[in-house]
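Let's take a walk through this structure together, one piece at a time. Keep the 3D view open and follow along.

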Amino acid sequence: MSRLILILVCLLSTTVALAASTAPALGLNDVYFGEALYHAYQGEWFESICRLDTELGQHRRLDEPALDSLYPHLGQAEFDVGDFELGYRMHLRAGRAISAVIEGKVEEPRKNAAIYRLARLYFQKDQPMDALQALERIRGKVPEPLRDDLEFLRAQVLMANGRFEDAARTLKELQGAKSLEGFSGYNLGIALLQGGKEQDGREYLDRTGQLVSANPSTQAIRDKSNLVLGYKLLDENAGAGAKLVLDRVRLTGPFSNRALLGSGWADANQGEFERALVPWSILARREVTDPAVQEALLALPFAYGKLQIYGKSALLYGQALESFGKEIDKLGASIASVQEGRFLEALTREELKQDSEWVVKLRNLPQAPETYYLMELMAAHDFQESLKNYLELTELGKRLVAWEGDLDAFEEMIRQRRGYYQPLLPEIDQAFKQLDSQMRLRQEQRIRIEKRLQAMLTAPRPDYLATAKERVAREEIARLEQLAPKNAGGDGTAERVARLRGVISWNIATEYDRRLTEAFDDLDSLIRETQRLKQRYASFVRTRQAATQSYEGYDETIRSQREQIAAAREKVTALLPRQGKILEAMAVDELTRRRERLEQFQVTARFAIADSYDRANKAQAQKRVGQ
Amino acid sequence: MNKVLKVIVVAISVFLLTLPAYAETAKEQGAQQTAKAEVKKETAKDPVKQDLAKEQIKGLDEQVQEIKADVLSIATQLNRLEEKLLYPSDTQIAIFVSVAGAEKFRLDAVAVELDGKQVAHHLYTYKELEALQKGGVQRIHVGNVMTGEHPLQVKVMGKTEGGADFQRAESFKVAKGIGPKLVEVVLTGSKTITVKDW
């Protein structure tokens with residue numbers, strides 16, 4: 001049984017790898033798109049959808065989306081978000097996953113691969129009509145590795161829709177497919193049987209039952225073919241043929257218990273009760289929770305009875321009765337345990353989720369006795385789908401609780417920011433206003449100087465470039481010149497003053513070019529400083545805006561988020577127990593069915609014990625009479 | 001007695017024959033046929049109850065899908081809010097890790113230091129490594145820094161294809177401007193670490 005579950009778990013886990021195997025064909029242009037793929041490649045569908053949705057949302061709000069880095073990936077991103085939703089098992093008819101996948105603007109093979117996944121999802125969710133409709137949308141090229149699997153799925157879907165002839169036609173074409181070795185033959189056999197072609201169906205089952213392969217999956221399906229064919233023959237009282245076929249089933253495979261049981265019945269059918277003891281004795285020593293083993297516990301003493309070994313028969317009936325009693329108690333405890341919610345607790349254990357073989361490990365949990373009887377149920381699709389929903393709802397519930405905590409933290413952060421910035425900002429704004437006006441003034445001065453210097457390139461004005469000392473000296477000379485006429489007496493003062501003026505004018509005129517160059521150098525330096533000042537100014541403005549934005553404008557968003565989270569939590573809280581009840585009901589139904597079966601066996605065993613004792617007594621009496 | 005047991009055999013063979021066509025879904029279903037057959041055997045007794053249960057399961061499944069869509073929408077809005085609140089574009093810096101090239105190697109860990117402080121240290125699982133090798137990009141750090149240049153050190157540990165341990169560290173300068181700064185650390189085989197500005 002463990003092996004059966006393991007095969008199932010391994011195959012189920014392949015769905016992650018199959019979905020979303022999409023790498024950007026022309027290199028990555030958007031790093032966040034790459035991040036969404038990173039999550040998708042790991043089967044983290046929630047994170048991948050969320051990341052891609054955020055990116056697509058931002059992209060759609062842009063004024064010029066063509067300049068966005070996501071733009072080259074837009075078609076693929078829109079397709080992928082739908083494909084990821086399929087990975088997250090969201091396939092609602094009106095959902096965007098379907099329209100994204102079916103109307104996706106991507107190359108044919110990728111689109112067809114996604115439609116295949118959609119059809120498979122429908123099929124797994126027991127919606128074969130929808131699955132067929134999805135498959136009919138596949139046009140053109142299909143990725144090579146998927147071709148056989150697609151046709152195989154098509155055949156299964158056709159069978160589920162009752163179109164056995166079409167299914168058989170499809171399966172016949174798959175007979176050479178190595179990856180489906182055994183599976184195509186077995187399903188073809190079943191399709192033919194269901195389509196009324198009894199002889200052909202048996203032939204394919206027989207052929208599949210004789211395959212030679214080292215592949216565990218092929219071996220399992222080979223066993224299954226033999227089991228189905230063997231029981232069919234048994235049903236028709238063809239004991240010899242049934243024995244031949246059932247004995248092909250491996251003694252260690254997942255179908256070995258029922259094969260051993262059937263093999264014994266095939267012997268019994270031919271009146272070979274002694275031979276029937278062999279498979280039934282092997283079976284009776286196996287795990288007692290298996291229904292075939294439980295039946296063997298009755299069949300074995302029945303065979304001894306037929307062989308007129310009544311004492312042994314009565315003893316074995318007694319042992320069976322004891323064993324059934326124990327199992328019935330165990331089942332009763334398990335039903336109570338399930339109804340008390342322990343089953344769901346066991347299914348949602350964190351340590352199990354870390355392990356890909358968790359279904360197998362579950363069996364070994366001491367506090368989960370019910371799982372002994374539920375291994376097969378837990379491997380069934382209906383149960384798996386419901387369980388996945390339950391686990392995902394649990395996960396969503398946890399996320400929502402965590403987000404409420406995040407919103408609390410955000411509000412606290414905003415409160416602290418407001419408390420810090422609000423008292424500071426008026427003072428800062430005041431100081432900034434003063435600085436701002438000073439800056440504007442200096443800026444205007446700089447512009448004036450620049451204009452004047454530019455004008456001096458065409459109309460030289462040496463006096464503009466006089467130094468401060470020269471200006472003072474010229475003012476002093478002007479004052480002296482005003483005084484000079486009063487003292488005109490030929491002492492040479494006027495000449496001296498004129499000479500001084502001449503010296504200054506000479507210096508200003510001769511040094512004009514150098515001074516102009518220096519003035520332009522100084523202007524460049526001033527421009528650089530002004531630029532730096534502008535940058536700091538802009539940085540300050542941004543920081544100032546960021547300060548306000550760090551605490552203003554969030555109230556409405558947070559309030560709306562809170563409302564949405566509360567509404568979602570309410571829904572999850574309502575759905576989770578309902579989903580849990582379905583799982584519990586499935587488990588209780590299964591356990592009850594098994595208990596009722598054992599109770600019937602108990603009644604049978606009690607009558608059989610009495611009958612065996614009677615026969616033993618009669619035999620002894622006859623023996624005594626004979627003696 | 002014999003009759004009772006024969007009836008059991010007949011019953012088993014009947015359901016074994018009638019179910020496979022529906023139960024087979026894929027390779028795995030070959031294995032799980034048993035479970036389904038058992039369940040169907042029971043439910044077949046009461047088809048009305050079975051249909052009701054199926055309808056109930058389907059209805060619930062649709063509701064679960066609806067709530068998933070609702071929660072995803074909330075998550076997207078929260079992403080935006082978180083980014084705006086915690087990592088405003090003026091100061092945001094995000095560091096990504098990707099793997100390039102054909103050289104096969106096993107990446108064990110990546111450590112990132114920004115401005116001399118360790119901001120990320122990640123140990124890789126097999127699934128994460130596989131996702132990187134397929135072309136996924138991991139966001140290893142998101143934080144806030146001032147505009148200007150910042151030293152970035154990346155340390156990578158792992159095993160080469162031959163099984164030898166390797167450890168490599170590279171230093172870079174990251175120039176933070178006004179907008180968000182996105183830096184991709186590209187690991188090309190076990191020997192080359194480069195940085196790509198986005």
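**Starting at a turn in chain B**

Strands S7(B) and S8(B) form a hairpin with three residues between them, and Gly189(B), which sits in the turn, has a positive phi of about 65 degrees. Before going further, keep in mind that what you're looking at is a predicted model. The two arms of this hairpin run antiparallel and are joined by six bridges. If you'd like one pair to look for, try Thr188(B), whose bridge partner in S8(B) is Thr192(B).

Now zoom out a little. Which sheet does this hairpin belong to? It's an open one of four strands in chain B, in the order S4-S1-S7-S8, and its pairing is mixed. Strand S4 (138-144) and strand S8 (192-197) of chain B are the edges, each pairing on one side only. On average, neighbouring strands here are turned by 20 degrees against each other, direction ignored.

Where does the parallel part come in? Look at strand S1 (residues 92-100) and strand S7 (residues 181-188) of chain B, which pair in the parallel sense over eight bridges. Within that pairing, Ile95(B) has Val183(B) in S7(B) as its bridge partner. Something from the other chain joins in here: helix H2 (residues 31-41) of chain A packs on the sheet and touches S1, S4 and S7 of chain B. The direction of H2 makes about 60 degrees with that of S1(B).

As a bit of background, strands of a sheet pair through backbone hydrogen bonds, either parallel or antiparallel. With that in mind, let's move on to another sheet.

This one is also in chain B: four strands form an open sheet in the order S3-S2-S5-S6, with antiparallel pairing. Its edges are strand S3 (117-123) and strand S6 (165-176) of chain B, and each of them pairs on one side only. Neighbouring strands of this sheet are turned by an average of 20 degrees against each other, direction ignored. There's a helix here too: H5 (residues 126-133) of chain B packs on the sheet, where it touches strand S2 (105-114) and S3 of chain B. The direction of H5 makes about 85 degrees with that of S2(B).

How many bridges join strand S5 (residues 148-160) of chain B to S6(B)? There are twelve, and the two strands run antiparallel. Along this pairing, Met157(B) has Gln167(B) as its bridge partner in S6(B), while Leu152(B) stands opposite Phe172(B). S5(B) and S6(B) make a hairpin with four residues between them, and in its turn Gly163(B) has a positive phi of about 100 degrees.

Over at S2(B) and S3(B), six bridges join the antiparallel strands. Ala109(B) is one of the residues involved, with Leu123(B) as its bridge partner in S3(B). This hairpin has two residues between its strands, and Asp115(B) takes a positive phi near 55 degrees.

Time to see how the chains meet. In all, 104 residues of chain A are in contact with 82 residues of chain B. The area buried between them is about 8900 Å², and carbon and sulfur atoms give 66% of that. In chain A, the residues that lose the most area to chain B are Val31(A), Tyr38(A) and Arg593(A), together 8% of what that side buries.

What about charged and polar pairs across this boundary? Four salt bridges are counted between chain A and chain B, along with 14 residue pairs in polar contact, both residues being at pLDDT 80 or more. Helix H26 (residues 555-626) of chain A supplies 18 residues, the largest share of the side of chain A that touches chain B. That side divides into 60 nonpolar, 22 polar and 22 charged residues. For a salt bridge to find on screen, go to Glu35(A) and Arg139(B), whose side chains meet at 3.2 Å, N to O.

Side chains of opposite charge can pair when their charged atoms come close. Over all chains, a search of the whole structure finds 55 salt bridges. One to finish on lies within chain A, where Glu295(A) forms a salt bridge with Arg597(A), their closest N and O atoms being 3.2 Å apart. This pair links distant parts of the chain, with Glu295(A) in helix H16 (residues 291-306) and Arg597(A) in helix H26 of chain A, 302 residues apart.

Note on methods
Residues numbered from 1 in each chain as written. Chains lettered and ligands numbered in written order. Predicted model: local features only at pLDDT ≥ 70, side-chain atom pairs only at ≥ 80, totals over all residues. Heavy atoms only, no water. Pairing = 2+ DSSP bridges. Axes fitted to C-alpha atoms, helices over the stretch in contact; angles between N-to-C directions. Contact = heavy atoms within 4.5 Å. Buried area = accessible area lost by both parts, 1.4 Å probe. Polar contact = N/O pair within 3.5 Å; in protein donor to acceptor, adjacent residues only side chain to side chain. Nonpolar A, V, L, I, M, F, W, Y, C, P; charged D, E, K, R; others polar.
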